Amino acid sequence: MERTKADETGSGAGSGAGAGAETGSEGQHARPGGAVNRGAAEAGRAMTSFSPADEEKFRGVRRMKLTATGMLLLVAVVYVLAKWAGNSGAGAWTGYVAAAAEAGMVGALADWFAVTALFRRPMGLPIPHTAIIPTKKDQLGVSLGEFVGENFLSRDVVRGRLRAVGIGSRLGAWLALPEHADRVTAELATALRGALAVLRDSDVQAVVGEAINRRADAQEIAPGIGKMLEKVVADGGHRRVVDLICVRAHDWLVLHNDQVMDAVQGGAPGWTPKFVDKRVGERVYKELLRFVTEMRDMPAHPARGALDRFLTDFASDLQSDTETRARVENLKREVLGRGEVQDLIASAWSSVRQMIVSAAEDERSELRLRVRASLLSLGARMSTDPKLQAKVDGWVEGAAVYVVTTYRDEITSLITDTVAGWDAEHTSKKIEAHIGRDLQFIRINGTVVGSLAGLVIYTVSRALGG
């Protein structure tokens, strides 16, 4: 009978897998969507099919079942022969053998019932508390999830385990090796290129433009410009600009003297004689050229002093004069609102993105070399600096504790939902394939231990005159 049940189990594995797969598929459609349920459905499909490795394990289970059943038949035959020999007057020894064989049969049958009750109903009888795994599968999944949540996903357990690992020092020693720093740099470059490829230029440009406009609107720029201008004038930093303007103005006047005189003559009244207009134009040109030349060559020229005083007063007005500050703010809004400025902001992102992508792809780029050097330096510090190690360990522990405490229910529900999605029959068969061989040793041990116990009990009862 035992061999027949084993053969039926093995032969039904293939067809049962197909039926179980259909059940798992239906269960997947019936359950709500989501990452956890999708993972449970995938695991459910894995539990409704038998791999070649599972088939090989199940063949091992059948061999052990035959061995255990053979021992049961052996002690049964020994019991019959011992009883027959005892009735034939073979001697008192037959009683000892019969007692041992009888107890061995009881132990073998009891353990057969216990092992079989885990996976199915013995002989198909509806005996209470049998077929435990198929009928209690969902409850076992819930209990397993609660056990994992309470004993593995608790705050103290996570902190203690991570503290014992010493992530800071280990990570530092790992990063300090050049080949590891190269690997991390390459992975970061790949991730950066992937992130930039996923981002849409229009979205990033809109975000950048909005951020610049919001920051510009939120902060008044006139006082800052005033302080900067005041500092520049106090340090004389503007004088080189004035020198450059004077030089360029002098050179321009020398090259365009006719244009200047024509402009002066063109503005003269129509009733004045031409020669008068020409003499006036020449005079204006000479005075203008003399003025510019003196400004260029005389650092102490009165016009330079007047310009210094003007810039100083303007810097003060930018910081304290309400009307000046308001006009600067209006000018700022007008400039930022122009389409040319917005296009410039938008095009800046494209240039920056292309620059970053090119730097990430080039192994010898300054960006990658600096990242590699920073990783090596960080690794060297982390491997030798206890304070930095403690800080890194604290960050890692805090992040891990946050994850397990915040998402503990989701993590444990992955276990319960996965187990709930398994097909009961195939779950039982697959578990039996993995642990059934060891369980058959329980039957063998029960036969041996039962025989020895029966022999001892019979011997003691005979010794006491029973």
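Let's start in the loop between α4 and α5, where A131 sits. This is a predicted model, by the way, so keep that in mind as we go. A131 isn't a glycine, and yet its phi is positive, at about 50°. At 7% relative accessibility, A131 counts as buried, because the cut-off for that is under 20%.

H129 is in the loop between α4 and α5 as well. Again we have a positive phi on a residue that is not a glycine, this one about 60°. So is H129 buried or exposed? With 74% relative accessibility, H129 counts as exposed.

Okay, let me zoom out. How many helices and strands does the protein chain have? There are 21 helices and 0 strands. The chain runs to 466 residues, and 32% of them are buried. Now take the contacts between residues at least 6 apart in sequence: 76% of those join residues at least 24 apart.

From that loop, let's step back to α4 itself, which covers residues 93-119. Helix α4 packs with α21 at an angle of about 155°, and the two axes are 6 Å apart. That angle makes α4 roughly antiparallel to α21. As for handedness, α4 and α21 cross in a right-handed way.

If you want a residue to click on in α21, try T447; the helix spans residues 424-463. T447 has a relative accessibility of 1%, so it counts as buried. What does T447 contact, once you leave aside its neighbours within four places in sequence? The list is M71, V75, G104, G107 and A108.

Next up is α19, which I'll spend a bit more time on. Helix α19 takes in residues 386-406, so you're looking at 21 residues. From first C-alpha to last, α19 reaches 30 Å, close to the 30 Å expected at 1.5 Å a residue. At the N-terminal end there's a cap from D385: one of its side-chain oxygens lies 3.1 Å from the backbone nitrogen of K387.

Which residues of α19 are buried? They are L388, Q389, V392, D393, E397, V401 and V404. If the spacing in that list looks familiar, remember that an α-helix has 3.6 residues a turn, so residues three or four places apart point the same way. And what do the buried residues of α19 pack against? Four helices: α7 (155-165), α8 (167-175), α18 (366-384) and α20 (408-421).

Let me pick out α7 from that set. The axes of α7 and α19 come within 9 Å of each other and cross at roughly 150°. That makes α7 roughly antiparallel to α19. The crossing of α7 and α19 is right-handed. On the α7 side, the contact is made by R155, V158, R159, L162 and R163. On the α19 side, you'll find V396, E397, G398, A400, V401, V404 and T405. Notice that E397, V401 and V404 also appear among the buried residues of α19.

Just ahead of α7 there's a loop coming from α6 (137-151), and S154 lies in it. S154 is buried, with a relative accessible area of 16%. Setting aside residues up to four places away in sequence, S154 touches G149 and R408.

Over in α20, have a look at L414. Its relative accessibility is 38%, which means L414 counts as partly exposed. How far apart are L414 and G141? In sequence they are 273 residues apart, while in space the distance is 9.8 Å, C-alpha to C-alpha.

Two more stops before I finish. V204 is in helix α10, residues 201-218. V204 is buried, with a relative accessible area of 14%. Apart from neighbours within four places in sequence, V204 is in contact with L199 and W349. The C-alpha atoms of V204 and S350 are separated by 9.3 Å, with their positions 146 residues apart along the chain.

Last one: G266, in helix α13, which covers residues 257-266. Is G266 buried or exposed? G266 is exposed, at a relative accessible area of 64%. G266 and K278 are 12 residues apart in sequence, and their C-alpha atoms are 9.9 Å apart in space.

That's my tour, so over to you.

Technical notes:
Residues numbered from 1 in each chain as written. Predicted model: local features only at pLDDT ≥ 70, side-chain atom pairs only at ≥ 80, totals over all residues. Heavy atoms only, no water. Helix = DSSP H or I, 4+ residues; strand = E, 2+ residues; numbered from the N terminus. Expected span 1.5 Å × (residues − 1). Buried < 20%, exposed > 50% of the residue type's maximum accessible area, 1.4 Å probe, protein only. Contact = heavy atoms within 4.5 Å. Polar contact = N/O pair within 3.5 Å; in protein donor to acceptor, adjacent residues only side chain to side chain. Axes fitted to C-alpha atoms, helices over the stretch in contact; angles between N-to-C directions. Parallel < 35°, antiparallel > 145°, perpendicular 65-115°, else oblique. Left-handed = near helix turned anticlockwise from the far one by under 90°.
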